[in-house]
Amino acid sequence: MTAAADDALRLFKHYDTGRFALTLSGSMSKGTSDELSDIDFRFYSDTPRPDPGPAWDADWQAVRRRWAEKGVVLDEPWFRTVAEVDAVVDSWLGGHGTPDDLVWTVWGYHPLADLSCQIPVHDPDGLVSRWRDRLEPYPDTVRHATIQKFLPALRYWRDDYHYRNKVERADLTFLSSLTAKLIHHILQVLAAVNRVYYPGDGNNLRQAAFHTAPEQLVSRIAAVLYPPGGSADVRAQRNGVIALIDETIAVVKNSALDEEDGA
């Protein structure tokens, strides 16, 4: 990984971008990588990405091919300006942030989660460290906004008759989507209670070992997401989701967050 980062850095240094930082992101920065993982780079600079024309593309693809021959996959780097990231961090810390709707992630890109775990490869101007200093300790504004956004939906669906009727009809398409959505909401709320940045992408359950959470959270989530009996088990699936909702609401109340968060 270090050698690949050095190879990429040598390429980026040839372009006039003002201040810039190169970081490692994705599963490797989160500690969840395996033999199938690729290498994800983030590139931050004062000016937009280096020359988007043939020169840059040819140079970068040559780097990717060299590493592919060694069995290492380099994902396309993501370029963002310093001003853009400053504005995004301001918005999230102000309680107004929303995930970016991107094609490569199911629940949207969560910039604070990404920034909080990135590993700087080259950051002579302290850009990434400045952003990360703003993210620790976990801000109250982010916690409050997250709980306000996701807890009311859990309360709504917990008793909704449409949910119950869909179970009786064994409407598997609807139920598979709703179940995944509610589990996502539960994880969002519990992450906020525990002052942990929700990753919003892969390997969520590997990062769900929260200090304050329903007992056996991970195994119970796995059980309700994949009921072995198909339509015969969707009642048990709904009951399992409702139990997790109730215990998540209890966690919020027991953490003295319910009233202050308007949930």
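Is R80 buried or exposed? R80 is buried, at a relative accessible area of 7%. Keep that residue in mind, as point 4 comes back to it. One caution before the rest: this is a predicted model.

1. Start with the overall picture. The chain is built from eleven helices and four strands. Its C-alpha trace spans about 60 × 40 × 30 Å along the principal axes. There are 263 residues, and 45% of them count as buried. Take the contacts between residues at least 6 apart in sequence: 68% of these join residues at least 24 apart. As for the outside, the chain exposes about 13,100 Å², with 52% of that supplied by carbon and sulfur atoms.

2. Now the pockets. The largest one holds about 550 Å³ of space. Its lining counts 27 residues, and if you want to find the centre, look for G26, D40, R42, W104 and D201, which lie nearest to it. Three elements, α2 (26-30), β2 (40-45) and α5 (111-117), each put at least two residues into this lining, with α2 giving the most, at three residues. By class, the lining of the largest pocket has six nonpolar, eleven polar and ten charged residues.

3. The second largest pocket comes in at about 470 Å³. Here 24 residues form the lining, and W107, A180, I183, L225 and Y226 are the closest to the centre. The elements that each supply at least two lining residues are α9 (172-193), α10 (217-225) and α11 (234-254). Helix α9 gives the most, with eight residues. The class count for this second pocket reads 15 nonpolar, eight polar and one charged, so do set it beside the six, eleven and ten of the largest pocket when you look at the two.

4. On to the charged pairs. Side chains of opposite charge can pair when their charged atoms come close. The structure holds 16 salt bridges. One of them joins D100 to R80, with 3.6 Å between the closest N and O atoms. This pair links distant parts of the chain: R80 sits in strand β3 (residues 78-81), while D100 is in the loop between α4 (82-93) and α5, 20 residues apart. The two partners are worth viewing together: D100 counts as partly exposed, at 25% relative accessibility, whereas R80 is buried at 7%, which is under the 20% cut-off for that label.

5. A second bridge is formed by the side chains of R130 and D86, at 3.1 Å from N to O. Because R130 belongs to helix α6 (residues 127-135) and D86 to helix α4, the pair ties together parts that are 44 residues apart in sequence. R130 counts as partly exposed, with 33% relative accessibility.

6. What about K166: which residue does it form a salt bridge with? The partner is D171, and the closest N and O atoms are 3.3 Å apart. K166 counts as partly exposed, at 22% relative accessibility. D171 is partly exposed too, with a relative accessible area of 25%.

7. Last, a group of three. D7, R10 and R66 are linked in a network of salt bridges. Pull these residues up on the structure along with the pairs above.

Definitions and conventions
Residues numbered from 1 in each chain as written. Predicted model: local features only at pLDDT ≥ 70, side-chain atom pairs only at ≥ 80, totals over all residues. Heavy atoms only, no water. 1 Å grid on protein atoms, 1.4 Å probe; cavity = no way out; pocket = protein on both sides within 12 Å on 5 of 7 lines; lining within 4 Å. Points joined across faces, edges and corners; volume = space filled by probe spheres on them. Nonpolar A, V, L, I, M, F, W, Y, C, P; charged D, E, K, R; others polar. Salt bridge = Lys/Arg side-chain N within 4 Å of Asp/Glu carboxyl O. Buried < 20%, exposed > 50% of the residue type's maximum accessible area, 1.4 Å probe, protein only. Contact = heavy atoms within 4.5 Å. Areas by Shrake-Rupley, 256 points an atom, 1.4 Å probe, with all protein chains shown as cover.
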